[in-house]
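Please open the model in your viewer and keep the selection panel at hand, since this tour moves from one selection to the next.

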Amino acid sequence: MAIMGSFAFEEDFLTAAKKLKSSGFDKISLLSPLPLEEAQEILELGKSPVRHYSLAGAIIGAISGFAMATATALVFILPTGGRAIITVPPFLIITYEMTILFGVLFTLLGFHFVSGLPAWRDRPYLSSASSDRFVVVVEGAAADQVARAEAIIRDAGADEIQHVGEGQ
Amino acid sequence: MFDHGQPSYAEVNKDVLSVMLETGPKYWMLLGTTMSVAGICFFMPWIYQLFVGVGAAGMNRNAVWGSYLSNFIFWIGLSHSGTLLSAVLHITNSPWRKAIYRSAEAMTLFSLMTAAMFVMVHLGRVWFVHWSFPIPNQMGLWPNFRSPLMFDVMAITTYLTASSIFIYMGSVPDFAAVRDASTGLRRRLYTIFSFGWRGTAREWHTLGWAYTFFAIFVIPLAVSVHSIVSWDFALSIVPGLHHTIFAPYFVCGAIFSGTAGIVTVMYCLRKFLNFERYIGQVHLDSLGKLLITLSLIWSYINILELFSSWYGGTSFELEALQFKLTGFYAPLYWEMILFCAFVPLLILFKKIRWSWNKMLVISILINVGMLTERFIIVATSQPRKFLPDAFGFYFPSWIELSITVGAFAIFATLFLIFIKWVPAISIYEVKETLKPLRRDA
Amino acid sequence: MSKISRRDLLQYIGAGGIGVVGGVLYGESVQQNVELLIPQVVPPEDYSPGVATWYNTVCNQCPAGCGISVRIREGKAKKIEGNPVHPVSQGRTCARGQAGLNALYNPDRIRTPLQNVGQRGSGNFEEISWDEALTTVGSRIGRLKIDNEASRVRLLCGRVRGHLDELFLQFMNLLGSDHYQQYDFTYPSALMAANKMSFGTDVLPYYDIRNAVFLLSFGADYLGTWISPVHHSLAYGHLRQGREGRRGKTIQIEPRMSLSGAAADEWIAARPGTEGLLALGIAHALVSEGHYHGSDRDEWSKALQAYSPSLVSAETEVSEDKILRLAREFGTSTASLAIAGGATAAGTNAVASIVAVNALNYLAGNLSQPGGIIFNPDPAFSATAGSRQAGFQGMLDLIGAMKAGDVDVLLVHDTNPVFALPDNVGFRQAMQNVPLIIALSSFRDETTEMADLILPTSTYLESWGDDVPDPGVGFPVASISQPVVATLYDTLPVGDIVLSLARQIGGELPIHMRWGTMEEFIKERWREEYDQRGSEGEEQEFEAFWQAALEAGVWGQPGAVAGDQPVPLSSSMIASIADPVSRFAGDESDYPFVLHPYLTATFFDGRGANLPWLQEMPDPMTSVVYGSWVELNPVTADELGIREGDVLDVESPAGSVRVPALIFPAIRPGVVAIPVGQGHAAYGRYARDRGVNPIHIVATLIDDQSGDLAWAATRVKLKLTGERLQIIKTDGVTRTLGRQILGPENDHA
Amino acid sequence: MSTFVEKLRQYRKPGYYDKFDYHWTMTIDLDRCTGCEACMVACQAENNLPIVGEKRFAENREIKWIRIERYWEGEYPDVKMRFIPMLCQHCDDAPCETACPVFATYHNQDGLNTQIYNRCIGTRTCAVYCPYEVRYFNWFTYTWDEPLEQQLNPDVTVREKGVMEKCTFCIQRIRIAKDNAKDDDRRRVRDGEVVPACVQSCPTEALVFGNSNDPEAKVSKMMKNPRGYKVLEELNTTPSIVYLTKVHS
C-alpha cells in the first residue's frame, strides 16, 4: 500500500516531505521534474558512493593500460626505432587514455548500482512528474499510519492524492 | 536570461518535445537532401577509391598524406568544444551552458564519427583496419603501442565512448519526459532508454554525482585527444611539423573552431527549431567573448611557431617556412590568417557580437580558416622534407574535394537524425534556470 | 511452417542483394592476380622447381659483347647479371644489359611469320606458316639465282660478328651476290679509319683506362655509350679508387656534359668541331714545353708549329693557360691516355681530329704501355666482319641501287635504317622500289614495318651463337651464346632461318651449308678453331673443352698478351696529321645553334626504346622519363624567354622536329642537344609515338676521310610554338640548398 | 647520479644490433659512382618493381627502391653534377619503425629495417617520418603486360594496392645465403656471399655490402675510410649506409 500525492508547487512539496520525514516515515520517494538540492538534503543523501567506483576504475585502468603495453612489448620482442623494448614515455600515454576510459566505464556502472536503475518494473509514478508536477510517494506505511501520512500530504497542499498497490 | 518572457515547466516540455514529436515534410526533404549528398559526394567516390586504390586521390610519392588527414584533424577539432565546454561549464556551473550543451555534445559526437570516417578513407587497406585495435586474433597480430597512431586509436575510441556516455547520461531524465509525453512504440522504446527513470531525489542525486565525474574525466581527455592528434605530426622529424608548440597549437585551434561550430549550430537550432526563448543573447554574448579570447591565443601561438622556425635557422626549417609564407599555398596561408586572426576581432564590437546573422558569418569564416590551416599543415611541410631532389608537390584530386564536401552532409544527416531522437535542449536543466513557481505569484 | 509474405520476401532479397554487393566490393578491393605455380606442362629436362640455374651467354643489347649470366627458375629467365669470368663485363652489367629480359618477354614480339597484306608500310600483316614463308622466299631467290640475277639480292644487317657473320657471308657467296652489308649507326667508322692512318691497324685497340692516371676524353662518353661502357666503368672505378693513394684524373672535352663529363674532374666545353684542334694545341704545348723527349722531337714541333696554344685558344675558346696546363699534366703524368668519340668522332673533321688525339697518345709515349693504348691481336675469328660495315656512304649506294631498281630482294636483319638515317636520304622511299623486302626481326620496328614478309627471329636469349668482343681486351677472347630458355613463340634463331633458306633454295647451297642447325654449325667451327690452335686431341678432349666453354660462356688465352704490334713509325703519324677544319650544314646567321644529338645510356641509338624498364629509367643526367627534350643553356633560354616545357620547333636545313625545352646547366651556349633513341613511329607499345628522333633532321654532311655521316655537324634554329608540354622528371630541386647531403668537402686521395 | 645517467643512456640506446651475428651494412663510394643507374634496373628486375607507366610517372608515383639523386654545383662553365644513390638507409634508430601502428615495419636482428607487406594497412605514416623518402606506396595494384609477368622473381612477392614497400637489402638473397651456410654447417655467412642486386650490378664497384660486425669484412674496412659520412647524420637516425664523399681535385 503506497500513498502518492502530487503538488503543483515546489515549496508545498518540500514541506510535505519534511513533515513526513520528521514524523518517522522513512520509505519516502520524492519525484521532481528537476533536481532539487533541498529534497536531497531532506533525505540526508550526503556524498554518493559513485565516487568510489570512479576511483577504482581509474586505478584499474591505469594498471591495465601500462600492463597491456608492456606485455605486448615483452611478448612480441620487436625493436622499433632503436627504442628500448619497454618504452616508458609512449606507454604512459596509453596508460593515461586507459585510465580515463576505465574511469568513465566504472562511473557508469557505479551509477547503475547506486541508483538501482535500470528498473523497468512498474513502480508508483505519475507521468506528469517529468513535466511540472512534484510527487511524494510514501511506501511501506503500516495500515494505521496511512491516514496520518495522507493527512500530512493534504495539509501541505497536495491537489491530488492516490492510493496505489505496491509493485503490481 | 529569457528574451521572450519565462516559460512554465510544462511549456518547456512542450516546446522541446514538439520538435521530436511533430515532424513536417520540410524535415524529410532536408534529411533526404543531406543523405543523398552524403551518398553521392562521399560514399560513391570512396567506393570508387576502394576499387582502384588510394591513387584515386591526389597524393604521390613525396606527399603521401593529403586532404583526408587535414579533414580528419578538422573534424576532430570541431568535436573539441562540445563536450569540453559543456564539462568545463558544468564544473564551474555557469547557468548559460544549460540551454546549449546538449546540441554541443551531439556536435562533438557526430564530428568525431565523421573524423573516424576520414581515417577509413585515408587508409590504404581499410579492410584491415581492425588490425590497429588490440583485438586478439589467430594471426597473433597486436598493435604497436609505441606508435603515435596507436595513441590516436586509444584516445579517439576513449573520447568517443566517454562523450557518448556523457551525452546519454545527461539525457536520461529527458528520455523519461519523452516517454511520458508519448504513446505506443515510442513510449516502449523510451521506457527502455530512460532505464525507468522516475526522477526521485535519490536518482537525481546519483546522476548529479556521476555526471560531475564524467565531466572531470572528459576535460583532460579532450585536451589529450587533440595533443595526440598533433603528435602524429610533431613526432615526425619533418621540418615545419617537428615543433613542441604543436600540441597547444592544435588544442587551442580545436577549441577555437569548435566554439565557432557551436555558434553555427546554435543559429540553426534557434532558427529552424524556434528555440528563440531558450537560446538568447546571453549565449551569443558569452560564446562571442570566448571566440575572441581563443582567436587571440591562436594568433599568439601561430606567431610563436613561425618565430621558432625562423629562430632555429636550419636550412630545413627556413625552407619550409619560406614555402609556407611565399610558396604556392601562400594565398591559402594568408587567407587563414585573415579569417582566424583578424575577422574574429570584429566580435569586440557589441553590435556585431549581438547580431546572430553577423556572428553566423564570422563563425563560418573561422571554420573555413581552420580547415585551410589543417590543409596547409599537411600540404606544405611534408612534401618538402630533407632531400631537395625528392621535393614534391601536392594538390587534391576532385575525389578528395568531393569527399570533403560530402563529410559535411554526413554530419548534417547525423544531426538531423539526432534532433528527432534526443531532446535538442536539456529539459530539466532549462527548468533549473527558471524561477520556481510560487503560490503567491 | 510460417508463411513468408511477398513483402518480407522482397526485403530478404534486398538484404541479400546488399550483402552480395558488399561482398563483391570487398573481394574486388582486395583481389590479386592469380599466378600458376608451375607455368609449363612439360618442363625441359634441366628443370627442377624452386631451384635456380644460371646459364652464361652473350649480351646483345649493344655491340660491346659483354658476357652475361641469366638466372632461370621454372624454365623462365628471371635475372640477367654479368658473367664473372668474362673479361669484358667481369660480372657487371649496365642497365641496358639487365633490361634484356624485357626484350625476351616483350609483349610486342613477333610471334609467327607475317605477310604484308594491304599497302607497304601500312602495317597490315597476316599470319602465315613457316613453310609458306620459306617457300615464298626460297622460290623467289632461287629463281633469281637460276637466271644469274642473284646480285639483285641484298642482305643488310646490323653489327653481326662471330660465325653468324660467316654464315651470312657464305650464304650470299653461294648465292652469287656480293651485296652483304652491315649498318650500325654506332659503328666507330671514323675511329677505325683514323687508327688505320695512325697505327696501320684494322682492329680496335684496347684503351687501358684501368691503369691510366690521366685520362683526356675528347667527346667520348666512355661511361655511357662509347664502345664498351661496362668495361670502361670497371676501369674507371679502378682508376679513381683502385690504387692506394693514387687517384687517377679525368678530363672531358665536349659541348654538352655527358655521364663521363659528370664523372670527370674537369669538363671543358670547347667550340663544337674544334676538339681536334685543341688536341693539336695540347700536342704543340706538350712538345714546346719539353715534355716530349723522343728523338723525333724536331719533326713533331715542325708538324705542330701551326697550332700554337694562343691560336688554338682563339679557335677553340679554351683559355691558353688551360691548354698549357692540360699539356703539362698530360705530358708529365705517369700514364696518360687520350680517347676520342661522340661528337668529336661525328664531325666533318672526325678522322683528322682522332688522328690528332692519337698523336697525343704517341707523344705521351703510352702505345703498348699499361694505362695506354694496347693493340689487340686479330680476333679469334670473323676478323673481317668490320669490313662489311657499309657506313653512311655504303647506305647511300644501297639507296641509289634501290632507287635505280637494281634490288629485287632485300633481306634486313637486326638493323633499323629507316630510324637511324636522316629523313632526307630517302631510305624509306627507296624501299618502295624493292619488289620483295624480307625482314628477319624480333620486333616490328620502322624498317620491319616496311617489309612484305617478316620471318620472326628468336631473341639472343633463345638462340645459339658466338661472338668476339670488339674491342678485345688485349688477348684472344671468344664467347659462346646459348639459348637459356625454350623458344617462347613460333620463331627461329636467325642462323637456322638462313640454313633453312639455303635448303629451300637448293642448288649447291645445302651441300656446302649442310648443318641442320646453328648449334651444329657453331660447334663444328669451334672444333676447327680448337684443332687449329695446335691442341690436336681426341674427341673427349674437345667435348670437355666445349662443355667447359659452354659453362664458362667464354674462352680466352690471357697468357697471350698482344704487345707485339710494331709501334708505328712517327713519320706515318706525323704524315697523317691534317688540319682538322670543320664544316657545318646551315649558315650561322639563320641557324644560330649547333645541334648536338647524343646517344643515351638508356636507349643507346634507339634500340632500347621498346623495353619498359629502360623507358622507366630516368635519364641519368636529367631524370626525364618517357619522351624527348631539347637541352638549352640557362643563359640562352633566358635570352629567348624559354621556360622548361615550352614546345620548340627545332629546325635544321634538313627538316624540323617539335620538342619541349629543358634548361640544362651544363651545355655550351649556342649548342642545343637532343637525345637519340625516342621518336619511334613503330617498335611496339612502349616506344611508339613518343618523343622525337634528332637523326631525322641531321643534314647529310659526310666526313671526307671515313665516308661516315657527320651527325654532329648540323646547325638549327629554334622557334617557340606557344604550346607547353609537361616534361616528366623524377627530380625535384636539383640544388643542395646548402645541405650536407654530398658529405663534407675534402681532398683525400 | 652518474650511474642514473648511465642507465638512462643505456635505456635510450640499447644497441640490440651489435649483439647479433650480422649487421648488414652498405658503403657507397661517390668517387666511383657515375650515376649510370644500372643499380636501379637491377633492383627493378630482382624485386618485382612494377612498370607503372607514363601517367603514373607524371603523377610522381613511380616506385624505385633505389634512385639516383642529382645535384648541380656551380654555374656554366664551372658547373658540376653530383650523383648520390638513395635507398633505404636501414637506420638503427629508424623514425619510420616507431610510426607503424601494426608492426608492419620493424628492425630485425640482422640490423635490417624490414617491411612486412601483408601486415601493412597503409597509413603511410612511415613514409612521412622517413627523412630519406625511400618508402614507396602502392597507389594502385599494378599489372604486367603479358608475358612480362613471366620474368617476376618467385622469391619476392608482388605487392597489392595500399601497401608500403621499400628496399630490403635483397633479404631473399640473405635468406638463401644463410640457408647455404647452414647446409654446409657454417654458423656464419662468408663475406661477399650475400650481394644485393644493386651491389652485384654496379659497373664501377661503387657499392660494397657486407656484415659490419665482422671486422675482416670488406665493408668494415671501407667504413673506416676517412671520406666516410652518413647522409643527414644530424638527425641521429644512425643509418646502416656509409657514403664516401667524392674527391675534389
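Two strands are taken to pair if DSSP finds at least two bridges between them, and with that in mind the tour of this predicted model can begin in a sheet region of chain C.

Select residues 646-652 of chain C, which form strand β22, together with β23(C); these two strands pair in the antiparallel sense over six bridges. They make up a hairpin with two residues between them, and if you pick C:S652 you will find that its bridge partner in β23(C) is C:G655.

Keep β23 of chain C, residues 655-663, on display and add strand β21 of chain C, residues 630-632: three bridges join this pair, and here the strands run parallel. Within the pairing, C:V630 stands opposite C:A661 of β23(C).

Next, colour chain C by its domain assignment, which gives domain 1 as 205-374 and domain 2 as 593-724. The C-alpha centres of these two domains of chain C lie 27 Å apart, and 20 residues of domain 1 are in contact with 24 residues of domain 2. On the domain 1 side of that contact, the elements giving two or more residues are α8 (259-263) and α13 (350-364) of chain C, with α8(C) supplying the largest share, three residues. That side of domain 1 of chain C divides into eleven nonpolar residues, eight polar and one charged.

Finally, show every chain: among the five pairs of chains that touch, chains C and D have the most contacts. Chains A and C, by contrast, are joined by no contact, and their closest C-alpha atoms lie 22 Å apart.

Definitions and conventions. Residues numbered from 1 in each chain as written. Chains lettered and ligands numbered in written order. Predicted model: local features only at pLDDT ≥ 70, side-chain atom pairs only at ≥ 80, totals over all residues. Domains from an automatic or database assignment. Contact = placed C-beta atoms within 7 Å. Helix = DSSP H or I, 4+ residues; strand = E, 2+ residues; numbered from the N terminus. Nonpolar A, V, L, I, M, F, W, Y, C, P; charged D, E, K, R; others polar.
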